[in-house]
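I sat down with this structure today and kept a few notes as I went. Here they are, in the order I looked things up.

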Amino acid sequence: MITSLQANEIDIGIGLTEGWIAGLGKAQAERKEAGYKIVGTYVETPLCWAISTGGKRKDLHDVNQLKRMRMGVSRIGSGSYVMGFVLADKHGWLNVQASSAKDAAPFDIVPVQTFEKLREAVNDGFTADFFMWEHFTSKRYYDNGVIKKIGEIYTPWPSWHIVARPDVIGDERLEVMIEKLNLGIKYFEEHHDEAVQYISTELDYSAEDAREWLKTVNFAEDGRGVRGSVVEKTLEVLKKAGVLGEVEVGGMVGIRRKD
């Protein structure tokens with residue numbers, strides 16, 4: 001999505017907070033135009049990342065075993081990548097004096113692109129030992145034995161935000177889009193049975209899992225703007241992890257909310 005924004009192929013994106021902020025920080029550090037700013041909040045609650053290994057892996061059953069192991073990620077800078085550093089920070093495994101993310105990492109990082117390939121990677125015996133992905137999306141594969149859950153961790157920030165290209169900010173169409181998103185969320189909140197029906201037939205969830213997921217998620221009532229404290233907290237973790245160097249919040253936020 002970042003590449004598409006920079007190429008003017010899309011005007012607006014909705015995605016994981018850590019991915020957006022990592023991309024903005026990287027562009028700032030390289031003195032390049034990021035091609036987007038954060039303009040809105042989509043999901044207020046943190047995301048639960050499940051920590052998974054191969055379904056038949058008998059020697060790996062605890063998060064405390066993961067230091068120095070091979071961590072599968074979708075892409076460098078993605079949520080699955082960043083959350084590995086959050087996990088390492090929580091357990092005190094980071095080399096906080098490192099000058100780069102590679103040196104700070106307590107894992108061998110293996111990018112494989114997709115969720116499907118991550119599942120394959122932890123089951124082939126050599127590519128990866130574990131990976132991190134959203135809990136409910138992973139649960140179907142726990143239930144059928146393809147992968148095994150050994151832990152979980154929550155993001156220390158609201159999980160989903162809205163970004164837009166700078167020349168779209170202030171455009172009436174952006175306001176209309178966010179207002180329609182607000183209306184869609186209001187409809188969703190008032191029609192949970194319909195939501196469960198859709199999720200359980202169109203997505204990778206059972207009806208039971210869809211109902212459990214609904215208990216954990218809180219969408220923003222008004223998607224306009226982002227709190228500066230959210231960006232600062234995310235930057236703090238990314239800096240500590242070595243994912244980013246010294247960067248500033250200034251220029252990252254297109255529409256700001258009050259903290």
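These entries cover a helix pair, a strand pair and one more helix, all in a predicted model.

**Helix pair.** I began with helix α2 (residues 17–29) and helix α10 (residues 228–240), which pack at an angle of about 75° with their axes 10 Å apart. An angle from 65 to 115 degrees counts as roughly perpendicular, so that is how α2 sits relative to α10. Next I asked which residues of α2 meet α10. On the α2 side I found Thr17, Glu18, Ile21 and Ala22, and they meet Val230, Val231, Thr234, Leu235 and Leu238 in α10. Sorted by class, this contact has 6 nonpolar, 2 polar and 1 charged residues.

**Strand pair.** I then turned to strand β2 (residues 37–43) and wondered how many of its residues are buried. My note reads 5 of 7, so I put the strand down as mostly covered. Strand β8 (residues 160–164) runs antiparallel to β2, and 5 bridges join the two. For a landmark on screen, I marked Val43, which stands opposite Trp160 in β8.

**Helix α6.** Last came helix α6 (residues 135–143), where I listed His135, Phe136, Thr137, Ser138, Tyr141 and Tyr142 as buried. What covers these buried residues? I noted several elements, including β3 (48–54), α5 (115–121), β6 (130–134), β7 (147–154) and α9 (207–214). I also checked both ends of the helix. At the N-terminal end, Glu134 acts as a cap, with a side-chain oxygen 3.1 Å from the backbone nitrogen of Phe136. Just after α6, I found Gly145 with a positive phi of about 85°.

Notes: Residues are numbered from 1 along each chain as its sequence is written. This is a predicted model: local features need pLDDT of at least 70, side-chain atom pairs count only at pLDDT 80 or more; totals for chains, interfaces and linings use all residues. Side-chain values use heavy atoms; hydrogens and water are left out. Axes are lines fitted to C-alpha atoms, for helices over the stretch in contact, and angles run from 0 to 180 degrees between N-to-C directions. Helices (H or I, at least four residues) and strands (E, at least two) are DSSP runs, numbered from the N terminus. Angles under 35 degrees count as roughly parallel, over 145 as roughly antiparallel, 65 to 115 as roughly perpendicular and the rest as oblique. Contact means heavy atoms within 4.5 Å. Ala, Val, Leu, Ile, Met, Phe, Trp, Tyr, Cys and Pro count as nonpolar, Asp, Glu, Lys and Arg as charged, and the others, Gly among them, as polar. Buried means under 20% relative accessible area, exposed over 50%, partly exposed in between (1.4 Å probe, protein chains only). Two strands pair if DSSP finds at least two bridges between them. A polar contact is a pair of N or O atoms within 3.5 Å; within protein, one must be able to donate a hydrogen and the other to accept it, and residues adjacent in sequence count only if both atoms are side-chain atoms.
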